[in-house]
Amino acid sequence: MFPMLKTDRLVLREISNADAEGMFACFSNESVTRYYGQDTLDHIEQAEAFVDFFANSYKDKRGIRWGIEIKGSKGIIGTVGFNAWSLKHRRAEIGYEIHPEHWRKGYIFEAVSKVIQYGFDELGLTRIGAVVFVENEASNKLLVKAGFQKEGILREYMYQNGVAHDTYVYSILKDRE
């Protein structure tokens with residue numbers, strides 16, 4: 001059974017086919033994808049494929065991705081979760097995005113904090129990593145605020161629109177939260 005998480009203002013829940021429209025709203029927006037390492041979506045079918053990808057990733061224990069919904073509202077405003085989940089090595093990488101209408105309201109910090117807690121307490125993770133474009137100032141600040149430490153730089157690690165970008169690598173460890 002997929003775990004539902006709640007914060008003061010948010011419900012983090014399983015992503016369903018009905019959420020393809022909300023996902024398309026995020027991933028078709030160049031402001032969202034410019035630091036994402038993936039092409040901006042052009043068709044709703046691509047968002048539907050994301051829904052399937054996230055479901056299969058959870059089923060295969062490779063990742064877990066929650067839809068972010070504001071309490072009392074219908075539809076997701078973004079997603080948050082783990083990819084590169086390794087049960088054997090007790091680690092995963094966190095990822096997230098949110099529609100620009102909801103930027104600078106603290107929603108992602110709230111969601112990330114809850115997902116970190118869940119990763120350590122329920123999934124038994126000892127390390128949560130993050131890889132972020134050097135230019136993504138907002139995400140870099142958010143991770144530091146959430147307790148992540150910058151470990152270094154990965155040169156020309158991700159491509160966006162055919163251009164190689166350097167990324168920072170971060171981590172937070174269970175015993176050093």
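Helices (H or I, at least four residues) and strands (E, at least two) are here DSSP runs numbered from the N terminus, and two strands pair if DSSP finds at least two bridges between them. The model is predicted, with pLDDT of at least 70 required for local features and 80 or more for side-chain atom pairs, while totals for chains, interfaces and linings use all residues. Residues are numbered from 1 along each chain as its sequence is written, and side-chain values rest on heavy atoms, with hydrogens and water left out.

**View 1. The whole chain holds five helices and eight strands.**
Read along the sequence, these elements follow the pattern β-β-α-α-α-β-β-β-α-β-α-β-β, and the C-alpha trace spans about 40 × 40 × 35 Å along its principal axes. The radius of gyration, taken over C-alpha atoms and compared with a globule rule of 2.2 Å times the number of residues to the power 0.38, is 15 Å, which agrees with the value near 16 Å for a compact globule of 177 residues. Where contact means heavy atoms within 4.5 Å, 60% of the contacts between residues at least 6 apart in sequence join residues at least 24 apart. The chain exposes about 9,800 Å², of which carbon and sulfur atoms supply 47%; accessible areas come from the Shrake-Rupley method with a 1.4 Å probe, and for residues only the protein chains shown count as cover. Of the 177 residues, 45% count as buried, where buried means under 20% relative accessible area, exposed over 50% and partly exposed in between (1.4 Å probe, protein chains only).

**View 2. Eight strands form an open sheet with mixed pairing.**
Strands of a sheet pair through backbone hydrogen bonds, either parallel or antiparallel. The order of the strands in this sheet is 1-2-3-4-5-6-8-7, and its edges are strand 1 (5-6) and strand 7, each of which pairs on one side only. Strand 8 runs antiparallel to strand 6, to which seven bridges join it, and in this part of the sheet F133 stands opposite T167 of strand 8.

**View 3. Strand 7 (residues 149-160) pairs with strand 8 in the antiparallel sense over eight bridges.**
Across this pair, I153 stands opposite Y168 in strand 8, and M158 stands opposite H165 in strand 8. The hairpin of the two strands has two residues between them, and there N161 takes a positive phi near 55 degrees. Most residues other than glycine have a negative phi, and most peptide bonds are trans. Within strand 7 itself, E156 likewise has a positive phi, near 45 degrees, although it is a residue other than glycine, and at 56% relative accessibility E156 counts as exposed.

**View 4. The largest nonpolar core has 34 residues, and I94 and F148 have the most contacts inside it.**
A nonpolar core is a set of buried Ala, Val, Leu, Ile, Met, Phe, Trp, Tyr and Cys residues joined through side-chain atoms within 4.5 Å. Among the elements that each supply at least two residues of the largest core are strand 2 (10-14), strand 5 (91-98), helix 4 (107-121) and helix 5 (137-145), and helix 4 gives the largest share, eight residues. A second, separate core of eleven residues includes A20, A47, F54 and I76. Leaving aside its neighbours within four places in sequence, F148 is in contact with I94, I116, I128, G129, A130, L143, Y170, S171 and I172.

**View 5. In strand 4, T79 is a buried residue with a relative accessible area of 1%.**
Its side chain makes a polar contact of 2.8 Å with the side chain of R65, and a further polar contact, of 2.7 Å, joins the side chains of T79 and E97. A polar contact is a pair of N or O atoms within 3.5 Å; within protein, one atom must be able to donate a hydrogen and the other to accept it, and residues adjacent in sequence count only if both atoms are side-chain atoms. With neighbours within four places in sequence set aside, the residues in contact with T79 are I15, M23, R65, W66, I68, G95, Y96 and E97.

**View 6. Two exposed sites are R104 and K59.**
R104 is placed in the loop between strand 5 and helix 4, where it has a positive phi of about 60 degrees although it is not a glycine; its relative accessibility is 77%. K59, with a relative accessible area of 60%, lies in helix 3 (residues 44-59). Ten residues in sequence separate K59 from E69, and the two are 22 Å apart in space, C-alpha to C-alpha.
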